[in-house]
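Me: I am new to this structure and would like a close look at a single part of it. Please choose one region, go through it slowly, and connect it to what lies around it.

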Amino acid sequence: MKAVRIHQYGGPEVLSLEDVQRPTPGPDEVLIKVHAASVNPFDWKVRQGYLQQFLPMTLPLTLGWDFSGTVEAVGAGVTQFKRGNEVYASQDVTKGGAYAEYTIAKESDVALKPKSLDHIHAAGIPVAGVTAWQALFHTANLRAGQRILIHAAAGGVGVFAVQFAKAKGAFVIGTASGKNQAFLRELGVDEAIDYEKARFEDVAHDVDVVLDTIGGEVQERSWKVLKKGGILVSITDPPNMEQAAKYGVRAAIHRGHPGAADLTEIAELVDSDRVKTVVDTVLPLAEARRAQELSAHGHVRGKIVLRVA
Ligand SMILES: NC(=O)c1ccc[n+]([C@@H]2O[C@H](COP(=O)([O-])OP(=O)(O)OC[C@H]3O[C@@H](n4cnc5c(N)ncnc54)[C@H](OP(=O)(O)O)[C@@H]3O)[C@@H](O)[C@H]2O)c1
């Protein structure tokens, strides 16, 4: 089968489209024929070697951590899926393997894909959607009526976070550049902030939850928008707990992990027309390099997806 692998860490040039052995599912694993794989910032961060100190991986490595496809075969002990099921999933963070014609996932990480979406749109959901879902509902415990500030609301995670928060009944403040202001309002953002024109901390106030998708100085400037007892959830830089204590707020880092139950709930929201996937760019598997370059540029609207089958 074809797969996009790296044999060493480095720039986009280390990505190589190769013929490799099709994997065989072990016990409790599912072999999936990949129709589409999504591209996340995590992918090029791994490729560059930025994460190797705390997330060692075995090279050569097939990149890609989420996909949509069809079950091809199941390993011993698999009871929930059979050949032909249309599924989507994110994969074990240390293994990946979605930039390929076939990939393996644990049965417990796989869910039936939304029926109303094609594979291209379904593939855009698992990593970004589950991260947004878990950060909002497992870590921040966002409730109806609360105010949430979502940084990078037009990005992969942000697009889902906005829609999930609106579906929950929260008041949503979102940041993006000028070109994405109308897009944010279409998505359902109640108050869109153009970071090129205003400092978000001059506009947002009394916020219950900040979803920090950027880190660094954006995180440092976020403390003051929170009300006492509020929470900042970062999916990038670990928050400074001393700063949190100084402002009388809580803080947490959220590291996303596969979540089949979350994917099933998301599929219901999608199929009931309450959440959509926004796909910015679709490229063939052979153009994974260009896809990662676009992602690393940092201004994708929604998702980049690789068409595999
Ligand atoms: N912890 C986890 O499990 C986890 C999971 C997924 C992602 N992440 C991390 O979370 C971060 C976001 O991921 P993602 O997939 O959403 O990224 P992404 O799709 O690449 O984000 C792109 C978006 O960022 C926006 N943006 C750039 N600079 C901004 C700024 N200063 N203020 C507001 N918006 C800004 C852009 O909007 P404009 O074009 O309008 O500037 C664009 O829409 C990445 O660092 C990723 O690695 C972590």
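Reply: A residue is called buried here when its relative accessible area is under 20%, and exposed when that area is over 50%. The model is a predicted one, and the part to look at is the group of aromatic side chains on helices α3 and α4, together with the elements that meet them.

Four aromatic pairs are counted in the model. One of them joins W133 and F137, whose ring centres are 4.8 Å apart and whose planes stand at 75° to each other, an edge-to-face arrangement. Both residues belong to helix α3, where four residues, about one turn of the helix, separate them. In an α-helix there are 3.6 residues a turn, so residues three or four places apart point the same way. Both W133 and F137 are buried. W133 also pairs with F164: the centres of these two rings are 5.1 Å apart and the planes meet at 85°, so this pair too is edge-to-face. Here the link is between distant parts of the chain, since W133 is in helix α3 and F164 is in helix α4, 31 residues apart.

The burial of these two partners can be given in numbers: W133 has a relative accessibility of 9% and therefore counts as buried, and F164, at 1%, counts as buried as well. Taken together, W133, F137, F160 and F164 make up one aromatic cluster. A charge also comes into the picture, for the charged end of K168 is placed over the ring of F137, at 5.4 Å from the ring centre.

Helix α4 can be followed further through G156, which lies in it. Apart from neighbours within four places in sequence, G156 has contacts with A128, G302 and K303. By contrast, 25 Å separates the C-alpha atom of G156 from that of E107, a residue 49 places away along the chain.

The two helices also have a part in covering helix α9. That helix has 12 residues, 260-271, which at 1.5 Å a residue should span 16 Å, and its end C-alpha atoms are indeed 16 Å apart, so the expected and modelled spans agree. Its buried residues are A260, D262, L263, I266, A267, L269 and V270. Around the axis they cover an arc of only 170°, and they therefore lie on the same side of α9. The elements that cover these buried residues include α3 (126-139) and α4 (156-168), along with β6 (86-90) and β8 (110-112). On the face turned away from the buried side, α9 carries the exposed residues A261 and E268. After α9 comes D273, which has a positive phi, near 65°.

The contact of G156 with K303 leads on to strand β16, which runs over residues 303-307 and is mostly covered, with four of its five residues buried. Strand β3 (residues 29-39) pairs with β16 in the antiparallel sense through four bridges, and within this pairing V39 has I304 as its bridge partner. Strand β15 (residues 279-284), on the other hand, runs parallel to β16 and is joined to it by five bridges, with L283 bridged to L306.

Methods
Residues numbered from 1 in each chain as written. Predicted model: local features only at pLDDT ≥ 70, side-chain atom pairs only at ≥ 80, totals over all residues. Heavy atoms only, no water. Expected span 1.5 Å × (residues − 1). Buried < 20%, exposed > 50% of the residue type's maximum accessible area, 1.4 Å probe, protein only. Arc of directions from axis to C-beta. Contact = heavy atoms within 4.5 Å. Phe/Tyr/Trp six-rings, centres within 6.5 Å; stacked < 30°, edge-to-face > 60°. Lys NZ or Arg CZ within 6 Å of the ring centre and 35° of its normal. Pairing = 2+ DSSP bridges.
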